[in-house]
Amino acid sequence: MQRLTISLDHETAAALDAFMAGRGYGNRSEAVRDLLRSGLRDAAGEQDPMLPCVAAVSYIYDHYERDLGRRLTEAQHAHHDLGVTTVHLHLDHHHCIEVALLRGPAGEIRHFAKALVRERGVRLGGINVMPIPQAVGAAIHDPTHAAPERQASGG
Ligand code: NI
């Protein structure tokens, strides 16, 4: 463990305390560590656009708004190589939430994710990009890491 001392303006310190209270953190170190990890995880993808990543992109929109539902679907078809799956929930008579799971190089999925949440008419959007851990990536691409075949059970 290394110790570091940081200075915060009052506003940021108050926001940190509110964040801690909301999430039930016992001390500031723990909260700052988690925030740093999440920031560094995001930065990893920004630094290396080829880094294999997965992303969860969520957005709430009004499906009556200017063909938005169709535009979102078309955008996803155009990037079908990055799409894994999409979950859609009808929230009320107007609003829908969709969560798209993407997989691909960090730069490409970040670009597509931003395009989705910035589509005209999207009310709220969130993007969570995570690097695929090395071992997981290796297991997927390297057939020698495949799970051993099961013995036929005869049943
Ligand atoms: Ni819907």
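**Core packing, the nickel site and the N-terminal segment**

In this predicted model, leucine 116 makes contacts, beyond its neighbours within four places in sequence, with Val57, Tyr59, Leu72, Ala75, Gln76, Ala100 and Val122. Leu116 is also named, together with Val57, Tyr59, Tyr61, Leu102 and Ile109, among the residues with the most contacts inside the largest nonpolar core, a set of 21 residues. At least two residues of this core are supplied by each of β1 (52–62), α3 (68–78), β3 (95–105), α4 (106–117) and β4 (122–131). The largest share, six residues, is contributed by α4. In soluble globular proteins, nonpolar side chains tend to be buried together.

The elements that build this core belong to a chain with five helices and four strands, arranged along the sequence in the pattern α-α-β-α-β-β-α-β-α. Of the 155 residues of the protein, 25% count as buried, and the accessible surface amounts to about 11,300 Å², with 56% of that area belonging to carbon and sulfur atoms. When contacts between residues at least 6 apart in sequence are considered, 63% of them join residues at least 24 apart.

The nickel ion has as its protein donors the NE2 atom of His88, the ND1 atom of His90 and the SG atom of Cys96, which lie 2.0 to 2.4 Å from the ion. Along the chain, the donors follow the spacing H-x1-H-x5-C. The UniProt record, in an unreviewed entry, places a "binding site" feature at His77, His88, His90 and Cys96; His88, His90 and Cys96 are the protein donors in the model.

The three donor residues fall into separate classes of solvent accessibility when the protein chain is taken as cover. Cysteine 96 has a relative accessible area of 3% and is therefore buried, while histidine 88, at 33%, is partly exposed, and histidine 90, at 60%, is exposed because its value is over 50%. Histidine 88 is located in strand β2, which spans residues 83–90, and, when residues up to four places away in sequence are not counted, touches Tyr61, Cys96, Ile97 and Glu98. The contacts of His88 thus include a fellow donor, Cys96, as well as Tyr61, which is listed among the residues with the most contacts inside the largest nonpolar core.

A further cysteine, at position 53, has a relative accessibility of 1% and so counts as buried. Cysteine 53 and cysteine 96 are both buried, yet a search of the whole structure finds zero disulfides.

Tyr61 is also touched by arginine 123, whose other contacts, not counting residues up to four places away in sequence, are Ile60, Asp62, Glu65 and His95. Arginine 123 has its place in strand β4 and is partly exposed, with a relative accessible area of 45%. Arginine 123 and histidine 95 are 28 residues apart along the chain, and their C-alpha atoms are separated by 9.4 Å.

Towards the N terminus, the unreviewed UniProt entry places the feature "domain: Ribbon-helix-helix protein CopG" at residues 3–40. In the model this span is 71% helix and 0% strand, and its end C-alpha atoms lie 18 Å apart. Within the span, phenylalanine 19 is found in helix α1, which covers residues 10–23, and, with neighbours within four places in sequence left aside, is in contact with Tyr25, Ala31 and Leu35. The C-alpha atoms of phenylalanine 19 and alanine 31 are separated by 8.2 Å, these residues being 12 apart along the chain. Ala31 and Leu35 are contacts of Phe19 that lie in helix α2 (28–47), so that side of the description links α1 with α2.

Asparagine 27 occupies the loop between α1 and α2, where a relative accessibility of 33% places asparagine 27 in the partly exposed class. Its C-alpha atom is separated by 9.4 Å from that of aspartate 17, a residue 10 places away along the chain.

Notes. Residues numbered from 1 in each chain as written. Predicted model: local features only at pLDDT ≥ 70, side-chain atom pairs only at ≥ 80, totals over all residues. Heavy atoms only, no water. UniProt positions renumbered as here; feature names shortened; annotations may be inferred. Disulfide = S-S within 2.5 Å. Buried < 20%, exposed > 50% of the residue type's maximum accessible area, 1.4 Å probe, protein only. Donors = N, O, S within 2.8 Å, 3.2 Å for Na, K, Ca; no water. Contact = heavy atoms within 4.5 Å. Areas by Shrake-Rupley, 256 points an atom, 1.4 Å probe, with all protein chains shown as cover. Core = buried A, V, L, I, M, F, W, Y, C linked by side-chain atoms within 4.5 Å.
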